[in-house]
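Open the model in your viewer and keep the selection tool ready. This tour goes stop by stop and says what to pick next.

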Amino acid sequence: MPDLLYKNISNYVNLSQEDFNQFKKPFEYRKFTKKEIVLKEGDYCNFEGFVLTGCFKVYYLNENGLEQTLYFAVEGWWITDIDSLINTVPSILNIEALEDSEVLMISRKDKENLYKTMPQIEKLFRIMNQKSSVALQRRILSLTGKTADKRYLEFLEKYPGLEQRITQQQVASYLGITHEFLSKIRRKMSLEK
């Protein structure tokens, strides 16, 4: 399973097998059961997690108490509340396992220690944070400037096969629409085929 982590970081930096072994030492292997809360609003996030298997939703509750999903994290994705982690403030996000899942977790302290002992790891996380910022910007532009139909098509492209693993309510929460409206979009698209 750490092979998936090695493959992921190899997209950003080159590490020898020896360096990778040093890099993965502080990671803790954790299992989460379906519906288990990994991070709850109000708690402090002191970890980043790399998803080996399973699926998570990262969401918050809006002022009406409705779930608004920021993103889903499947195999090869990372989970955290970056604001809480970096600024040591209470989280406004929740992270929940949607399936039985396995994650490699690293604490903020251990990550900082890696920065000191392995300079290429600081480069790795800098590049990952830059890519995350781009993804966030694209997500905001999509939510504010695209129709629900186009957002749904983007969802299908970004998360191939995920629609079969999660509920329509969860897809609708990600798209910022009701599940009834999502049903209309899906019906319309199936008629256009």
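A residue counts as buried when its relative accessible area is under 20%. Keep that cut-off in mind, and remember that this is a predicted model.

**Stop 1: helix H7**

Select residues 168-175, which make up helix H7. Six of these eight residues are buried, so H7 is largely enclosed by the rest of the structure. Which residues of H7 are the buried ones? They are Gln170, Val171, Ala172, Ser173, Tyr174 and Leu175.

Now show what lies over them. The cover of these buried residues includes strands S4 and S5, along with helices H5, H6 (148-158) and H8 (179-192). Step off the end of H7 to Gly176, which follows the helix and has a positive phi near 80 degrees.

Stay with Tyr174 for a moment. Add Arg139 to the selection: its charged end sits over the ring of Tyr174, 3.8 Å from the ring centre.

**Stop 2: Phe155 and the cores**

Pick Phe155 next. Leaving aside neighbours within four places in sequence, what is Phe155 in contact with? The contacts are Phe72, Leu162, Glu163, Ile166, Val171, Tyr174 and Leu175.

Phe155 also belongs to the largest nonpolar core, which has 34 residues. Within that core, Phe56, Ile79 and Phe155 touch the most other members. There is a second, separate core of 19 residues. Among its members are Leu52, Leu104, Met118 and Phe125.

**Stop 3: strand S4 and its partners**

Select residues 55-61, strand S4. Five of the seven residues here are buried, so S4 is largely enclosed by the rest of the structure.

Add strand S5, residues 67-74. S4 and S5 pair in the antiparallel sense over seven bridges. Look at Leu61: its bridge partner in S5 is Glu67. The hairpin of S4 and S5 has five residues between the strands. One residue to click in this hairpin is Gly65, with a positive phi near 80 degrees.

Then bring in S7. S4 and S7 are antiparallel too, over four bridges. Find Phe56, which stands opposite Ala97 in S7.

One more click: Lys57. The charged end of Lys57 sits over the ring of Tyr59, 4.7 Å from the ring centre.

**Stop 4: the open sheet**

Show S1, S8, S3 and S6 together. In what order do these four strands form their open sheet? The order is S1-S8-S3-S6, with antiparallel pairing. S1 and S6 stand at the edges, each with a single partner strand, so one side of each is left without a neighbour in the sheet.

Zoom in on S1 and strand S8 (residues 101-107), which pair over five bridges. Arg30 has Val103 in S8 as its bridge partner.

**Stop 5: aromatic rings**

Colour the aromatic residues. The model holds 16 aromatic pairs. Take Trp78 and Phe125 as an example. Their ring centres are 5.7 Å apart and their planes stand at 75 degrees, so the pair is edge-to-face. The pair links distant parts of the chain: Trp78 is in strand S6 (residues 78-79), Phe125 is in helix H5 (residues 119-145), and 47 residues separate them in numbering. Is each ring residue of this pair buried or exposed? Trp78 and Phe125 are both buried.

Widen the selection to the cluster around them. Tyr6, Phe20, Phe23, Phe27, Phe50, Trp78, Tyr115 and Phe125 form one aromatic cluster.

**Stop 6: two loop residues**

Most residues other than glycine have a negative phi. The next two go the other way.

Go to Lys35, in the loop between strand S1 (28-32) and strand S2 (37-39). Lys35 is not a glycine, yet its phi is positive, about 75 degrees. Lys35 is exposed, with a relative accessible area of 61%.

Then jump to Thr88, in the loop between helix H3 (82-87) and strand S7 (94-97). Thr88 has a positive phi of about 45 degrees, and again the residue is not a glycine. With a relative accessible area of 52%, Thr88 is exposed.

**Last stop: the cysteines**

How many disulfides does the structure hold? The count is zero. Select Cys45: the nearest cysteine sulfur, that of Cys55, is 18 Å away. Cys45 counts as buried, at 3% relative accessibility. Cys55 is in no disulfide either, and is buried with a relative accessible area of 0%.

Conventions:
Residues numbered from 1 in each chain as written. Predicted model: local features only at pLDDT ≥ 70, side-chain atom pairs only at ≥ 80, totals over all residues. Heavy atoms only, no water. Disulfide = S-S within 2.5 Å. Buried < 20%, exposed > 50% of the residue type's maximum accessible area, 1.4 Å probe, protein only. Core = buried A, V, L, I, M, F, W, Y, C linked by side-chain atoms within 4.5 Å. Contact = heavy atoms within 4.5 Å. Helix = DSSP H or I, 4+ residues; strand = E, 2+ residues; numbered from the N terminus. Phe/Tyr/Trp six-rings, centres within 6.5 Å; stacked < 30°, edge-to-face > 60°. Lys NZ or Arg CZ within 6 Å of the ring centre and 35° of its normal. Pairing = 2+ DSSP bridges.
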